[in-house]
Amino acid sequence: MPLTFHWFLPTYGDSRDIVGGGHGVPVGTAGGARPASIAYLGQIARSAEQLGFAGALTPTGAWCEDAWLSTAMLTEVTERLKFLVAFRPGLLSPTLAAQMASTFQRLSGGRLLLNVVTGGESTEQRAYGDFLDKDARYARTDEFLHVVRALWRGETVDHAGEHVRVAGARLSRLPDPVPPVYFGGSSAAAGPVAIRHSDVYLTWGEPPAQVAGKLDWIRGLAAEAGRELRFGIRLHVITRDTADEAWAQARRLLDGIAEADIRAVQEGLRRSESEGQRRMLDLHGGSRDGLEVAPNLWAGVGLVRGGAGTALVGSHTEVADRIAEYHALGIDEFILSGHPHLEEAYWFGEGVLPILRGRGLWRHPAGEPAAAVPAGVPFTPQPVPAAARG
């Protein structure tokens, strides 16, 4: 199966730095905040589409714009790109969520993918009116997706569970196609829910040996349930023409961040209930030392950001090699991002994807591009086309 690549839409804004928005950038230096406008997000989405990304992940949380509304608007400025919409079960009814997905599919031409986020931070969940603990949230997600899946099959649903209750629920129009469900989670409570309801199981970018162990765990659960899942990974990426250039960029992203800021971020992240977040923190221990935790896998992002905290860093060939290594473990889908998201999409799309195409691991969703025609230089002799040479 050819590899599938997705990009990321920074609906909280963008800049040339991991955090902040170019604060204190001196005059004469490129930088500054880029608001999450439809104009700018549309630039990223159209570029990702042109470069060959199949979809784009849009995050969920109080710190960013709403994913459903943002992506619905962006369908109007793109043609093919799919949108991996992150949403939280329990903040809306399963019937409404199923209906919203059906509407999105119909009006976008089938361009919705769903990323189910159960929620690993009780403080944030309570801000949305959700006071369940972590294990109860996973139990609710299980019930929620049970109802949604039944509605998408065209069933009339009566469900009276511990967390979800509906009576006579039915969709008047079914989604076509049914949107794939992407689901991540590293805790014991997450695995059974993932194998019952997801199409693609997601992991953050841990070293290959750790990813292999996690995939074996999910495969074992899926085999017991008689299911097979696809696997995806969420990573940042810094790829350049040479490895030295890539690592110089990685160092630059951390150079302007004070130790006090790193300590403050790490203190907050250590309070997280997320097992995946704990595994990210264990990769670096809050220290700038030893951040290359596996060949070309850099944990520096996780010093100052929650969630996915690792980046593939290196030359285009090295990054392609690491992607092939993850693919050999069973990863077929890669959800990538970089700072800033517009420029990094081009570094990866023009540098790495052609290498993977040459290896037979990837093809452009829109088909093979037309052969590039070298740009002509005005007022210089131009080569005569072969067809015109006697």
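Strands here are DSSP runs of E of at least two residues, numbered from the N terminus. With that in hand, let us walk through this predicted model, starting at a proline. P177 sits in the loop that joins β6 (165-169) to β7, and the peptide bond leading into P177 from D176 is cis, with omega near 0°. A second cis bond runs from H339 to P340, with omega near -5°. P340 is also a loop residue, placed between β13 (331-337) and α12 (341-351).

Why stop at such places? Most residues other than glycine have a negative phi, and most peptide bonds are trans. One more backbone feature belongs in this part of the tour. N296 is not a glycine, yet its phi is positive, about 65°. You will find N296 in the loop between β10 (292-294) and β11 (297-298). The relative accessible area of N296 is 7%, and because anything under 20% counts as buried, N296 is a buried residue.

Now let us turn to the helices. Two packed helices are described by the angle between their axes and the distance between the axes. Take helix α3 (residues 94-108) and helix α5 (residues 134-152): their axes come within 9 Å and cross at roughly 45°. This angle makes α3 oblique to α5, and the crossing is right-handed. On the α3 side the contact uses P94, T95, A97, A98 and A101, which meet F144, V147, V148, L151 and W152 of α5. Sorted by class, this contact has nine nonpolar residues, one polar residue and no charged ones.

Next, look at L92, in the loop between β3 (82-87) and α3. Setting aside neighbours within four places in sequence, L92 touches F87, A97, M100 and F144. Two of these partners, A97 and F144, also take part in the contact of α3 with α5. L92 and F144 lie 52 residues apart in sequence, while their C-alpha atoms are 9.8 Å apart in space.

A second helix pair is worth following. Helix α6 (residues 190-197) packs with helix α7 (residues 208-225) at an angle of about 55°, their axes 9 Å apart. That angle makes α6 oblique to α7, and this crossing, too, is right-handed. The residues in contact are G191, P192 and I195 from α6, together with W217, I218, L221, A222 and A225 from α7. By class, the contact has seven nonpolar residues, one polar residue and no charged residues.

How much of α6 is covered? Six of its eight residues are buried, namely A190, G191, V193, A194, I195 and H197. These buried residues pack against α7 and also against α5, β7 (181-184) and β8 (200-204).

Our last stop is S198, in the loop between α6 and β8. Is S198 buried or exposed? Its relative accessible area is 0%, so S198 is buried. The side chain of S198 reaches back to α6, coming to 2.5 Å from the backbone oxygen of A194, itself one of the buried residues of α6. Leaving out neighbours within four places in sequence, S198 is in contact with R149, V181, F183, V193, R227 and L229.

How values were computed. Residues numbered from 1 in each chain as written. Predicted model: local features only at pLDDT ≥ 70, side-chain atom pairs only at ≥ 80, totals over all residues. Heavy atoms only, no water. Axes fitted to C-alpha atoms, helices over the stretch in contact; angles between N-to-C directions. Helix = DSSP H or I, 4+ residues; strand = E, 2+ residues; numbered from the N terminus. Parallel < 35°, antiparallel > 145°, perpendicular 65-115°, else oblique. Left-handed = near helix turned anticlockwise from the far one by under 90°. Contact = heavy atoms within 4.5 Å. Nonpolar A, V, L, I, M, F, W, Y, C, P; charged D, E, K, R; others polar. Buried < 20%, exposed > 50% of the residue type's maximum accessible area, 1.4 Å probe, protein only. Polar contact = N/O pair within 3.5 Å; in protein donor to acceptor, adjacent residues only side chain to side chain.
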